[in-house]
Amino acid sequence: MNKLLLAIASVVLGTASVQAADLAAHYTKAPAMAPLYNWTGFYVGGNVGGQWGSANPATTTLFPVAAYFADSSVTAIGTVGAQHINSSGVTGGFTAGYNWQVNNAVLGLEGDINYFGFKGSASSTAVYPCCAPTTFTVNSSVSADWLATIRGRIGFLATPSWLIYATGGAAIAEVRGNFSFTDTFAGATESGTIRDTRVGWTAGLGGEYAVGNGWSLKAEYLYVDLGRSSMTSNNFSVGVALPAQTFTHSVDLKSNIVRVGVNYKFGGPVVARY
């Protein structure tokens, strides 16, 4: 009887062992999920791209009593002095910022300083309406070597690694304008210079992709409007100074920027989930 019970027990235990081995073969521990990028933190980076924009320099004068110009000349100078300049070129520089990730939303503050490279000139000549065939010429040039922006960013995560964002804030640049007026009626000359650190605005859209270990790649578009700056001069001369003749010179500057960049975020690049 004892031998029979031992035989039955051996069969049962053997069957159980086979079933346990079979279960182990089919059911293993689930692997850990891939780590997810955490966007919160301070980052630095660089960017390069292109800008294309325009400036609208303007030159006008007045018609004070006993001055040099006829009223028709004042009108003609204002028309010819309303000029347009286009500029395009390469831009690039450095970026720094901080992001806060809240679930699938990412809020941030970013600043950058870049070589801007805006430069252009215009020249127009016309006949004095009162005094043909004598003519006058208005020359203008506009440049801005650098551009800085301070912007907020707000975006959402299309995937844990893919950020789509809108951005906007202040744009700062030193805008320079040079102007001159000459004529063939009496050899008149006048000149003016603008050198103004302008604070305007910028807004745009972008996308940023986390490639891991704190690194990310981005592409973005920015529109920049630096507003209008002006100055007046009373250095008009026809061999002798005529300070009563006032000229006004002004310029605005707008630009479109498309650029790509790379950022590195410091500290805690991933959050592991299991």
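Here are a few notes on the disulfide, the aromatic rings and the charges over rings in this predicted model.

1. Start with the cysteines. The structure has 1 disulfide, and it joins C130 to C131, with the two sulfur atoms 2.4 Å apart. Have a look at the twist too: the angle about the S-S bond is -90°, and the link is left-handed.

2. Is C130 buried or exposed? Neither, really: C130 counts as partly exposed because its relative accessibility is 40%, which lies between the 20% and 50% cut-offs. C131 is also partly exposed, at 22%.

3. Now the rings. Searching the whole structure turns up 21 aromatic pairs. One of them is Y98 with W100, a tilted pair with centres 4.8 Å apart and 55° between the planes. Y98 is partly exposed at 31% relative accessible area, and W100 is partly exposed at 44%.

4. Another pair to find is F181 with F236, again tilted, with 6.4 Å from centre to centre and 50° between the planes. This pair links distant parts of the chain: F181 belongs to strand 7, while F236 sits in the loop between strand 9 and strand 10, 55 residues apart. Both F181 and F236 are buried.

5. Which residues form one aromatic cluster with F181 and F236? The other members are Y68, F69, Y128, F136, F185 and F247.

6. Finally, check two charges that sit over rings. R153 is over the face of Y165, 4.3 Å from the ring centre. K265 has its charged end over the ring of Y37, at 5.5 Å from the centre.

Terms used:
Residues are numbered from 1 along each chain as its sequence is written. This is a predicted model: local features need pLDDT of at least 70, side-chain atom pairs count only at pLDDT 80 or more; totals for chains, interfaces and linings use all residues. Side-chain values use heavy atoms; hydrogens and water are left out. A disulfide is a pair of cysteine sulfur atoms within 2.5 Å. Buried means under 20% relative accessible area, exposed over 50%, partly exposed in between (1.4 Å probe, protein chains only). Rings of Phe, Tyr and Trp (its six-membered ring) pair if their centres lie within 6.5 Å; planes under 30 degrees apart count as stacked, over 60 as edge-to-face and the rest as tilted. Helices (H or I, at least four residues) and strands (E, at least two) are DSSP runs, numbered from the N terminus. A charge sits over a ring if NZ of Lys or CZ of Arg is within 6 Å of the ring centre and within 35 degrees of the ring normal.
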